[in-house]
Amino acid sequence: NLILAIETSCDETAASVIRNGNEILSSVVASQIESQKRFGGVVPEIASRHHVEQITIVIEEALEKANVVPSDLDAVAVTEGPGLVGALLIGINAAKAFAFAHGLPIIGVHHIAGHIYASALVEPLQFPLLALVVSGGHTELVYMKGHGSFEVIGETRDDAAGEAYDKVARVLNLPYPGGPHIDRMAHEAEKGVDFPRAWLEDTYDFSFSGLKSAVINYKHNLEQRGQEIIPEEIAKGFQDSVVEVLTTKTVKAAKELGVKQVIVAGGVSANRGLRESLQKALDQEGIPFTAPPLSLCTDNAAMIGACAAYMYEAGVRGDLSMNGLPGKELKSWIQDDNLRQP
Ligand code: ATP
Ligand code: MG
Ligand code: FE
């Protein structure tokens, strides 16, 4: 199948053409990072305006780069949630207009399912699998028995991993988004500050707000005593804590569930420290590990097309009544039977 996919859930306007769920014919991402940087985060109204300006250009570019005309396509896929409602609706309305104009079915994809399916663009998914989702708004361990089956076995009780990265980056006066800067600085440090690890007993849940407070207090104390602050050592201490907890819980769950593959998904999966740590720990256990290339970790439309390809094969077809689902959780998306087992 040949699918045009559209993603506008946050601050990236993206379109992609995907063949058979694993071949990227094009993947265009127009980022708003430069204009959102000034505000130290994403301002919803500005995001929406950017999407409106970019969406048509991005879709045309994706088709052109893929050397595809609308009549070649089998379906249009679009992120229906979760995300910023105004941003989502711009992608959804563009998808609806395109589907209507060219007589194509429309398929709504859950953004986090999309992040997970980025790995299907690297190699075929091996079930049962465990996905560690670490993004700007989510941190969860997802168990998948097969395509379209998502069981959330653990999640964050407060901040998402990416959110913690961005907040700590702000404390260190680094530009938005802070994840890549902290990652780089952590690798430049010789030693890291010893920050706590949030184990939360035997659960697969996560917590990052305590760590964030520990970073703030540490910096504040040094400032009060007039001592030198070495941001690289803070960055490394923070990253070591995040990576150790994420790796330990992921490996434990993978062993306990006896999965055939572990994948990592979402913007924070671009993190070098995390990728190296997971690779090493899973190699030791002999469990295959997949991390998407960096361009497929942060928001993109190729991952939405990859997920939609399986939905298309499973017979899922949406219609023009589709609406934005800004707060949709992965677990309830499945209950809606949006993505059935083939
Ligand atoms: P969600 O997917 O939960 O809706 P989102 O789409 O805003 O949220 P993503 O685009 O998947 O999030 O990821 C963005 C996040 O990834 C940001 O918080 C950013 O700081 C973080 N990030 C990007 N690269 C790195 C890196 N190398 N190390 C750590 N964090 C990173
Ligand atoms: Mg983003
Ligand atoms: Fe995302």
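Two strands pair if DSSP finds at least two bridges between them, and the helices (H or I, at least four residues) and strands (E, at least two) named in these legends are DSSP runs, numbered from the N terminus. This is a predicted model, where local features need pLDDT of at least 70, side-chain atom pairs count only at pLDDT 80 or more, and totals for chains, interfaces and linings use all residues. Residues are numbered from 1 along each chain as its sequence is written, while chains are lettered from A and ligands numbered from 1 in the order in which they are written.

**View 1. Here is the hairpin made by β1 and β2, with 4 residues between the two strands.** Ile6 stands opposite Ala15 in β2. Overall, β1 and β2 run antiparallel and share 6 bridges. Strand β1 also pairs with β4, this time in the parallel sense over 4 bridges; Leu4 has Val76 of β4 as its bridge partner. Strand β1 is mostly covered, with 5 of its 6 residues buried (20 or more other C-beta atoms within 10 Å of a residue's own; 12 or fewer would make it exposed, anything in between partly exposed, with C-beta atoms placed from the backbone).

**View 2. Step back and you get the open sheet, 5 strands in the order β3-β2-β1-β4-β5.** The pairing is mixed. At the edges sit β3 (23-31) and β5 (106-110), each pairing on one side only. Neighbouring strands are turned by 20° against each other on average, direction ignored. (For angles, axes are lines fitted to C-alpha atoms, for helices over the stretch in contact, and the values run from 0 to 180 degrees between N-to-C directions.) Out towards β3, strand β2 (residues 12-19) pairs with it in the antiparallel sense over 8 bridges, and Ile18 is matched with Ile24 of β3.

**View 3. Now for two helices that meet the sheet, α2 and α10.** Helix α2 (residues 44-66) packs on the sheet and touches β1 (2-7), β2 and β3. Its direction makes about 25° with that of β2. Helix α10 lies across β1, β2, β3, β4 (75-81) and β5, and runs at about 130° to β1. Contact here means that the C-beta atoms of two residues, placed from the backbone, lie within 7 Å.

**View 4. This close-up shows His111, His115 and Asp299, which an unreviewed UniProt entry marks as "binding site".** They're spread over 189 residues of sequence, yet they cluster in space, with a largest C-alpha distance of 8.9 Å. UniProt positions follow the numbering used here, feature names are shortened, and annotations may be inferred rather than shown by experiment. His111 sits in helix α4 (residues 111-117). His111 counts as buried because it has 27 C-beta neighbours inside 10 Å. Leaving aside neighbours within four places in sequence, His111 is in contact with Ser9, Thr79, Gly81, Pro82 and Gly83.

**View 5. Next up is Asp299, in the loop between β10 (289-290) and α10 (302-313).** Asp299 has 26 C-beta neighbours inside 10 Å, so it is buried. Beyond the neighbours within four places in sequence, Asp299 is in contact with Glu7, Ser9, Cys10, Glu12 and Ala14.

**View 6. Last stop: ligand 1 and the 24 residues that surround it.** A residue is near the ligand if its C-beta atom, placed from the backbone, lies within 6 Å of it. The closest are Gly136, Gly137, Gly162, Gly179 and Gly267. The elements giving two or more residues to this shell are α4, α5 (161-171) and α6 (179-188).
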